Amino acid sequence: MRRILTSAAMLTLLAGSLLNAQVHAELAVIVHPSSSVEGVTQAELSDLYLGKKTRLSNGAKVQVSDHAEGSAQRVHFYKTLMKKSEAQIKRYWSKRMFSGKGTPPITLDSNQAVKDWVEVTPNGLGYIDTEQVDGKVKVLLILP
Amino acid sequence: MNNRFTTVSMGLTLMLCASTASALEDVRINGFLTAAGTYTDAQDNTYDDGLALNEVRFDGPDTRVGLQVSADVSERVGVTVQMLARGGFENFDIKADWAYVDYQFADSFTARGGKLKIPTFLTSDYIEVGYAYPWIRPPHEVYLLNPITSLSGVDAMFTPSLGSVDFLIQPFYGSTRDTTVVPPQVVDIIAPPGTSKGDTLDFSAKDLGGINLSATFSGVMTVRAGYLQTKATVPTNGIFDQEGKFLSLGATLDWHNIVAYSEYAKRDVDEAPLPTPSLAIALPDQEAWYLTLGYRINKFLPHITYASLDEGSDPFLTVLKQTSITAGLRYEVANGAALKVEAQRVEPKTENGVINHGLFNNRLLEDNANIYSIAFDVIF
């Protein structure tokens, strides 16, 4: 009985930590609460973050924000969305930025900084860990 | 000189406009730097306008620094200035490499006016940014075919997408003034009076127009084609409005760990009827190509390049002929910094008894010679 209990407890712990890891890895793509945009596809999001598009499907111009280089959120975002490493993204922008084909998104230091910025930027778009989301921002997409 | 002054003052004016017209938060400053050392074992010789000497040099043309200031004046209007200082015969004189205003009509249509780089080859418009490509420098056998790297004029960039294919249609038109080094082969064969090796020459080009077409598939493979033509004038040599044409094709692949680049280029220059001096003496018809293959292993990218420079459709005695094999290694020091080493074996091609010294300043004593280079590239 004790053995079963222990195993159950361990399983619960394991499941809990797995679930926790899962939750921690999820990112929410957020905009200003007043935005009329209802959602964004992964393809649209890729285009926005690679500077190929500056507008959402409803025609609204958006400014995207990024996390600092080396941050867990940034690494996860580009890996999940485009299967690209940070180095690939860096090379991509080094070609475009110095040939007048676009500028990389602004970078902000933390989840809180991104959320604060989106709250005061009507055309701003960013991504943060899902557990940081509250009613002051609107979620367009959850990235696994 | 006058031209350099104009571009610099144009650049400064644009910068000034940028800083007064908009809030400071919209001004972006970025830069790039390459510190390079080169050496050739060719005795008492130099390679490629001083790119490498028979002694170690760190102040050659590979060493350069660039600073870019760009600003959004309004939602659709932006200005960009890129100042560049380079070693070698440019002597680190600061010049405006880019200085333009752009207007974004739509996400997929931007027009620009001012001083612009000409997209003759795959990496032409970011050629100064060493960090952006695997080599220390793109293969010169191909890239030297067009000595005109920038224009004062206009271009337009149409960037439609179809599924996962991104297209670029970029027509351009303008004129330019620049300085180039007299090809050593010309001094050897023609021996123009009062000209010695290493001398520079001012030239201008007008009615400079062309197009750059490219398609990128899933962000992995790009194929491109480019064409440009112009009328060149070299006043000191009595050359006026003689026509030159460039055709270039290229492809590049960055797929999983495989990196590949290949380009072909062809230069055709009209020969003027005698006794008019011909532009084709200094810039004879040539054809060139290269193939680079690399394989990424974590932070290392070993790569190998074969390049060939040969005569074109209507060869002249001053044509440059050589082949080269380059083995290189790029190492990612950090995100935004790369260390590179290369060894290049160059073999000038002597045919039909005509001795060719390729890009070397003088005839080689052996069949071939080596160029060794090391470079540190950063962007910031």
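This is a chat about a predicted model with chains A and B.

Visitor: Before we start, what are the ground rules for local features and side-chain atom pairs?
Guide: As this is a predicted model, local features need pLDDT (the predictor's confidence in each residue, from 0 to 100) of at least 70 and side-chain atom pairs count only at pLDDT 80 or more, while totals for chains, interfaces and linings use all residues. Residues are numbered from 1 along each chain as its sequence is written, chains are lettered from A in the order in which they are written, and side-chain values use heavy atoms, with hydrogens and water left out.

Visitor: What's the mean pLDDT of chain A?
Guide: The mean for chain A is 85, and 83% of its residues reach 70 or more. Over residues 12-23 of chain A, however, the pLDDT is below 50, and beyond near neighbours in sequence this stretch has 2 contacts (heavy atoms within 4.5 Å) in the model. Where pLDDT is low, the predicted coordinates should not be read in detail.

Visitor: How many residues of chain B are in contact with chain A?
Guide: There are 31 residues of chain B in contact with 19 of chain A, and the area buried between the two chains (accessible area, 1.4 Å probe, lost on being put together and summed over both) is about 2,100 Å², with carbon and sulfur atoms giving 47% of it.

Visitor: And how many salt bridges between them?
Guide: The count between chain B and chain A is 4 (a side-chain nitrogen of Lys or Arg within 4 Å of a carboxyl oxygen of Asp or Glu). One of the pairs joins A:Arg91 to B:Glu332, at 3.9 Å from N to O.

Visitor: Are those two buried or exposed?
Guide: A:Arg91 counts as buried (under 20% relative accessible area, where exposed is over 50% and partly exposed in between, with a 1.4 Å probe and protein chains only) because its relative accessibility is 9%, and B:Glu332 is likewise buried, at 12%.

Visitor: Switching topic, what does A:Lys115 form a salt bridge with?
Guide: A:Lys115 pairs with A:Glu119, the closest N and O atoms being 2.9 Å apart. The two are 4 residues apart in helix α5 of chain A (helices being DSSP runs of H or I, at least four residues, and strands runs of E, at least two, numbered from the N terminus), so they are separated by about one helical turn. A:Lys115 is buried at 5%, whereas A:Glu119 is partly exposed at 23%.

Visitor: Which residues does A:Asn111 touch?
Guide: Leaving aside residues up to four places away in sequence, A:Asn111 touches A:His67, A:Gln73, A:Ile128, A:Asp129 and A:Gln132.
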